[in-house]
Amino acid sequence: MFYTKKKLIILIIISSIFFILTYNDVRSENINKISGFAKVVDGDTIKINSRKIRLYGIDAPEKKQKCKKTYLTISFVSFTKDYMCGEVSTQKLIKKINKQKLNCDILGVDRYKRLIGECFKRNINLNSWMVSNGYAVAYRKYSKKYVSDEINAKNNKLGIWQGKFEMPWDYRRKN
């Protein structure tokens with residue numbers, strides 16, 4: 001088959017466009033997934049390979065944040081004590097990850113240049129796990145995805161829902 005100069009140029013252009021489009025798809029797929037061993041920063045942030053990842057759609061108590069927990073009820077009177085719920089949240093995430101490899105689907109970047117992602121330990125969605133066990137709340141400002149997990153944790157008085165606490169975004173605003 002004999003090609004004219006014009007047909008050859010068109011073929012090269014089409015091939016180049018196809019290559020560029022395919023190359024960008026492969027490249028962006030790699031950017032949108034990160035795997036590795038995580039260092040837990042706090043209850044809603046981890047680091048993998050020195051890249052900070054903010055867990056999408058959830059908000060955990062801040063590390064220095066205190067919550068109240070009922071420790072004794074006599075008749076109609078309840079006695080509460082403060083505890084470091086932010087530290088508990090962080091420790092629960094550390095324990096859940098248990099030095100295992102994580103896979104994170106990166107959904108974007110926040111204003112602090114952290115990656116935003118959903119992270120998994122095998123088939124367990126850690127974002128969902130943190131909210132459904134009461135160690136974080138659904139961050140409705142950014143997503144409604146974990147609202148049902150939060151409702152379940154609240155109804156079953158799990159984690160921070162065992163007592164009283166300030167929503168993490170309110171705590172940050174005040175402190």
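This briefing covers the overall fold, two pockets and one glutamate of the structure above. The model is predicted. The protein has 175 residues, and 36% of them count as buried. Its secondary structure consists of five helices and eleven strands. The largest pocket holds about 510 Å³ of space, and the second largest holds about 180 Å³.

**Overall fold and surface**

- The accessible surface of the protein is about 11,800 Å². Carbon and sulfur atoms supply 57% of that surface.
- Take the contacts in the protein with a separation of 6 or more: 55% of them join residues 24 or more positions apart.

**Largest pocket**

- Rolling a probe the size of a water molecule over the atoms reveals where empty space remains.
- In this model, the largest pocket has a volume of about 510 Å³. Its lining is made up of 21 residues.
- Closest to the centre of the largest pocket are R54, D110, Y112, R114 and Y139.
- Three elements each give two or more residues to this lining: β1 (33-42), β3 (51-55) and α5 (168-174).
- Strand β3 gives the most, with three residues.
- By class, the lining of the largest pocket has ten charged, nine nonpolar and two polar residues.

**Second largest pocket**

- The second largest pocket offers about 180 Å³ of space.
- Its lining includes K69, Y83, C85, V88 and S89. N133, G134 and Y135 also line the second largest pocket. L158, G159, I160 and Q162 complete the lining.
- Helix α2 (residues 85-97) provides the largest share of this lining, three residues.
- The lining of the second largest pocket divides into six nonpolar, five polar and one charged residues.

**E150**

- E150 sits in helix α4, which spans residues 147-155.
- Is E150 buried or exposed? E150 has a relative accessible area of 5%, so E150 is buried; the cut-off for buried is under 20%.
- What does the side chain of E150 reach at 2.8 Å? The partner is the backbone nitrogen of A138.
- Leaving out residues up to four places away in sequence, E150 touches V131, V137, A138, R140 and W161.
- A138 therefore appears twice for E150: as a residue that E150 touches, and through its backbone nitrogen, 2.8 Å from the E150 side chain, given that contact means heavy atoms within 4.5 Å.

Conventions. Residues numbered from 1 in each chain as written. Predicted model: local features only at pLDDT ≥ 70, side-chain atom pairs only at ≥ 80, totals over all residues. Heavy atoms only, no water. Helix = DSSP H or I, 4+ residues; strand = E, 2+ residues; numbered from the N terminus. Buried < 20%, exposed > 50% of the residue type's maximum accessible area, 1.4 Å probe, protein only. Polar contact = N/O pair within 3.5 Å; in protein donor to acceptor, adjacent residues only side chain to side chain. Areas by Shrake-Rupley, 256 points an atom, 1.4 Å probe, with all protein chains shown as cover. 1 Å grid on protein atoms, 1.4 Å probe; cavity = no way out; pocket = protein on both sides within 12 Å on 5 of 7 lines; lining within 4 Å. Points joined across faces, edges and corners; volume = space filled by probe spheres on them. Nonpolar A, V, L, I, M, F, W, Y, C, P; charged D, E, K, R; others polar.
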